[in-house]
Amino acid sequence: MKKRVLLLVAALLFLLAGCGAKNLAKQDTLEKVETNQKIVWGVKYDTKLFGLMNIESRQVEGFDIDIAKALTKEILGEDCEAEFVEVTSKTRIPLLKNGNIDAIIATMTISEERKKQVDFSDVYFDAGQSLLVNKKSGIKGIEDLDATKTVLAVKGSTSAENIREHAPKTKVLELENYAEAFTALQSGQGDAMTTDNSILLGMAAENPQYILAGDKFTDEPYGIALNKGQEEFQSALNEGLEKIRENGEYRKIYKKWFNEEPK
């Protein structure tokens with residue numbers, strides 16, 4: 001009898017925990033962040049220029065981080081907090097759905113497929129897919145990819161799908177993450193690596209013998225993802241983006257990380 005009671009209690013606690021997570025994700029996000037005086041952002045910790053952990057300071061740094069801080073200030077005021085939680089391409093939506101984070105700003109492309117799960121802010125960065133190659137490769141752009149070339153991409157990414165569409169004759173080798181793909185490029189397993197130009201720029205900045213070949217061949221606009229049904233929070237994010245563009249803060253952050261003026 002005692003064992004049965006314990007099992008029932010455990011089952012009840014499990015159900016309550018599940019309901020709690022569900023309710024946490026569905027509560028009014030703008031009301032929540034205003035009450036807590038902080039926004040919890042899901043960000044990358046491994047993406048040069050956008051979100052990268054500084055080993056010395058133990059702080060995550062990058063374009064996404066600075067934009068998140070600026071938006072937090074615009075939405076909540078000076079004495080507020082931008083808190084950062086590490087996400088990956090696989091974990092970011094589940095963490096948002098579970099209420100662990102309030103918004104995702106993590107080089108996330110706005111797509112119709114993703115809109116089925118989350119809502120997005122206005123575009124905050126105009127990214128596009130490109131190619132990273134060795135300076136000595138002879139590859140000038142996507143038009144040089146034929147059946148004799150191998151392109152490296154990340155498994156399950158839109159980049160892998162796009163390269164097959166734009167260069168149907170070329171071979172595509174998919175790896176687990178950007179680090180593995182770049183290592184494969186360095187070791188000669190592929191002739192080019194493909195993903196968003198923004199990410200490739202970070203790799204090229206650290207490895208001068210590699211360059212971006214040609215112009216971007218897709219439009220991959222980045223947006224801030226939030227849970228569905230959070231119209232007020234979505235409006236606050238969009239208003240914040242508009243304000244930092246008007247007051248010059250966006251331009252300042254952009255130039256800091258990419259060493260050029262935003263287009």
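How many bridges join strand 2 to strand 3? Two bridges join them, and the strands, the second of which covers residues 51–54, run antiparallel. Strands here are DSSP runs of E with at least two residues, helices are runs of H or I with at least four residues, and both are numbered from the N terminus. Two strands pair if DSSP finds at least two bridges between them.

The model is predicted: local features need pLDDT of at least 70, side-chain atom pairs count only at pLDDT 80 or more, and totals for chains, interfaces and linings use all residues. Residues are numbered from 1 along each chain as its sequence is written, and side-chain values use heavy atoms, with hydrogens and water left out.

**The chain**

The chain holds nine helices and 13 strands. Its C-alpha trace spans about 70 × 55 × 40 Å along the principal axes. Of its 263 residues, 46% count as buried, where buried means under 20% relative accessible area, exposed over 50%, and partly exposed in between (1.4 Å probe, protein chains only).

Two annotations come from UniProt, both from an unreviewed entry. "Domain: Solute-binding protein family 3/N-terminal" covers residues 38–261, and "domain: Ionotropic glutamate receptor C-terminal" is listed for residues 38–260. UniProt positions are given in the numbering used here, feature names are shortened, and annotations may be inferred rather than shown by experiment. Over residues 38–261 the chain is 33% helix and 29% strand, with the end C-alpha atoms 30 Å apart. Over residues 38–260, the end C-alpha atoms are 31 Å apart.

**A three-stranded sheet**

Strands 2, 3 and 4 form an open sheet in the order 2-3-4, with antiparallel pairing. Strand 2 (46–47) and strand 4 (59–61) each have a single partner strand and stand at the edges, so one side of each is left without a neighbour in the sheet. Thr47 has Gly51, in strand 3, as its bridge partner.

**Two pockets**

A pocket is an open set of points on a 1 Å grid over the protein atoms alone, where a 1.4 Å probe fits, with protein on both sides within 12 Å along at least five of seven lines; lining residues have an atom within 4 Å of a point. A volume is the space filled by probe spheres set on the points, which are joined across faces, edges and corners.

| Pocket | Volume |
|---|---|
| Largest pocket | about 870 Å³ |
| Second largest pocket | about 530 Å³ |

The largest pocket is lined by 34 residues, and the closest to its centre are Ser89, Arg92, Arg114, Gly156 and Ser157. Helix 4 (92–97), helix 5 (158–166) and strand 11 (192–196) each give two or more residues to this lining. Helix 5 provides the largest share, four residues. By class, the lining has eight nonpolar, 14 polar and 12 charged residues. Nonpolar covers Ala, Val, Leu, Ile, Met, Phe, Trp, Tyr, Cys and Pro, charged covers Asp, Glu, Lys and Arg, and the others, Gly among them, count as polar.

The second largest pocket has 18 lining residues, of which Asp126, Asn197, Tyr254, Glu260 and Lys263 are the closest to its centre. Domain 1 (29–126 + 222–258) and domain 2 (127–220) both give residues to its lining, so this pocket lies between them. The domain bounds come from an automatic or database domain assignment.

**Helix 7**

Helix 7 (197–206) gives two or more residues to the lining of the second largest pocket. Seven of the 10 residues of helix 7 are buried, among them Asn197, Leu200 and Met203.
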